[in-house]
Protein chains: 2
Amino acid sequence: MAGMLAHDAQFRALADPLRLRILAFLHKPEAACCTDAERVCACDLESLVGLSQPAVSHHMKILVQAGLVVAEKSGRWVFYRLNRPAFAGLAQALASLGGGDPAPALAPDSASRSRKAA
Amino acid sequence: MAGMLAHDAQFRALADPLRLRILAFLHKPEAACCTDAERVCACDLESLVGLSQPAVSHHMKILVQAGLVVAEKSGRWVFYRLNRPAFAGLAQALASLGGGDPAPALAPDSASRSRKAA
DNA sequence: CCATTACATCGATATATTTGGATTTGTCAA
DNA sequence: TTGACAAATCCAAATATATCGATGTAATGG
């Protein structure tokens, strides 16, 4: 894809170890005070990364604005979850530079690309 | 690999529009004074991004240290090319987040994971 | 040898990002 | 309503990154 530049905001959102940790947690949430298997409460992210509440809010805003995470407000809480199609799109853009399929686990409609053995 | 964190340096290297432009150029180089279809000379990158020579050198160092680009010195020149397996690995890591399945997203098809033993 | 070319490194400045404290907004429970 | 809580926003300071000019290093050509 020529449009690596179209993913600029997403790459910048990924360029922080705390945000990567948050994304890994959203991918596979562990039990916490307000977190279930599908949604993660912002308050649990504070203890996860060990930052103040405004800092967590700042990082989540970056992730949401980049389209990598979806925020869902529920009462006083905000629950976050991964926007998985965005990651699939990013993976595809990177795979085009890598010369192969991003991941066989995801593509239900692959087979349009010649499978190249490494 | 649970570790997006292992790709931290690579994501940071991608978090710049000039570097994305350079990568797109390395992916599909156009004719220039020292550039052929496989290798790109640093001097051609200067005119591509419109920055000074030290700035280009700085960006290329970041890309090389992240493992995304390979530098090959030839006489007075340095030729750069994409390290495509690194992009394939990044794409796979992102696709595991995009696949909707929190379980270890290892490929059932072994062809594309030759280098990526956990 | 010296001059030139191509790139790297250094030093300083400008800009961007990160962070926490204080404050504000919005929501729920008495 | 008031009180408490969760999160967002504002503000200022600390840190990181980007950039350029000047200089250094290495290789080529005379």
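**Reading the surface near DNA strand D**

Modeller: In this predicted model, 24 residues surround DNA strand D, and the closest are Gln53(A), Ser57(A), Arg19(B), Ser52(B) and His59(B).

Biologist: Which part of DNA strand D lies within 4 Å of the protein, sugar and phosphate or bases?

Modeller: Of the strand's atoms within 4 Å of the protein, 69% belong to sugar or phosphate, while the rest belong to bases.

Biologist: Which side chains have an N or O atom beside a phosphate oxygen of DNA strand D?

Modeller: Among them is Ser57(A), with a side-chain N or O atom 2.7 Å from a phosphate oxygen of the strand, and Tyr80(A), for which the corresponding distance is 3.2 Å. From chain B, Arg19(B) places a polar side-chain atom 3.1 Å from a phosphate oxygen of DNA strand D. The elements that give two or more residues to this surface are α3 (42-49), α4 (53-65) and β3 (77-82) of chain A, together with α2 (17-27) and α4 (53-65) of chain B.

Biologist: Which element gives the most to the surface near DNA strand D, and what classes of residue does that surface have?

Modeller: The most comes from α4(B), with five residues; by class, the surface as a whole has twelve nonpolar, six polar and six charged residues.

Biologist: How are two packed helices described?

Modeller: The description uses the angle between the two axes and the distance between those axes. In chain B, helix α3 (residues 42-49) packs against α4(B) at an angle of about 105 degrees, the axes being 9 Å apart, so α3(B) is roughly perpendicular to α4(B). On the α3(B) side the contact is made by Ala42(B), Leu45(B), Glu46(B) and Val49(B), and on the α4(B) side by Gln53(B), Val56(B) and Met60(B). By class, five of the residues in this contact are nonpolar, one is polar and one is charged.

Biologist: At what angle do α3(A) and α4(A) pack?

Modeller: For α3(A) and α4(A) the angle is about 105 degrees, with 9 Å between the axes, which means that α3(A) is roughly perpendicular to α4(A). Here Ala42(A), Leu45(A), Glu46(A) and Val49(A) of α3(A) meet Gln53(A), Val56(A) and Met60(A) of α4(A).

Biologist: Where in chain A does pLDDT stay under 50?

Modeller: Where pLDDT is low, the predicted coordinates should not be read in detail. Chain A averages a pLDDT of 85, and 82% of the residues score at least 70, but the value stays under 50 over residues 100-118 of chain A, for which the model has 22 contacts beyond four places in sequence.

Definitions and conventions. Residues are numbered from 1 along each chain as its sequence is written. Chains are lettered from A and ligands numbered from 1 in the order in which they are written. This is a predicted model: local features need pLDDT of at least 70, side-chain atom pairs count only at pLDDT 80 or more; totals for chains, interfaces and linings use all residues. Side-chain values use heavy atoms; hydrogens and water are left out. A residue is near a molecule or strand if one of its heavy atoms lies within 4 Å of it. A polar contact is a pair of N or O atoms within 3.5 Å; within protein, one must be able to donate a hydrogen and the other to accept it, and residues adjacent in sequence count only if both atoms are side-chain atoms. Helices (H or I, at least four residues) and strands (E, at least two) are DSSP runs, numbered from the N terminus. Ala, Val, Leu, Ile, Met, Phe, Trp, Tyr, Cys and Pro count as nonpolar, Asp, Glu, Lys and Arg as charged, and the others, Gly among them, as polar. pLDDT is the predictor's confidence in each residue, from 0 to 100. Contact means heavy atoms within 4.5 Å. Axes are lines fitted to C-alpha atoms, for helices over the stretch in contact, and angles run from 0 to 180 degrees between N-to-C directions. Angles under 35 degrees count as roughly parallel, over 145 as roughly antiparallel, 65 to 115 as roughly perpendicular and the rest as oblique.
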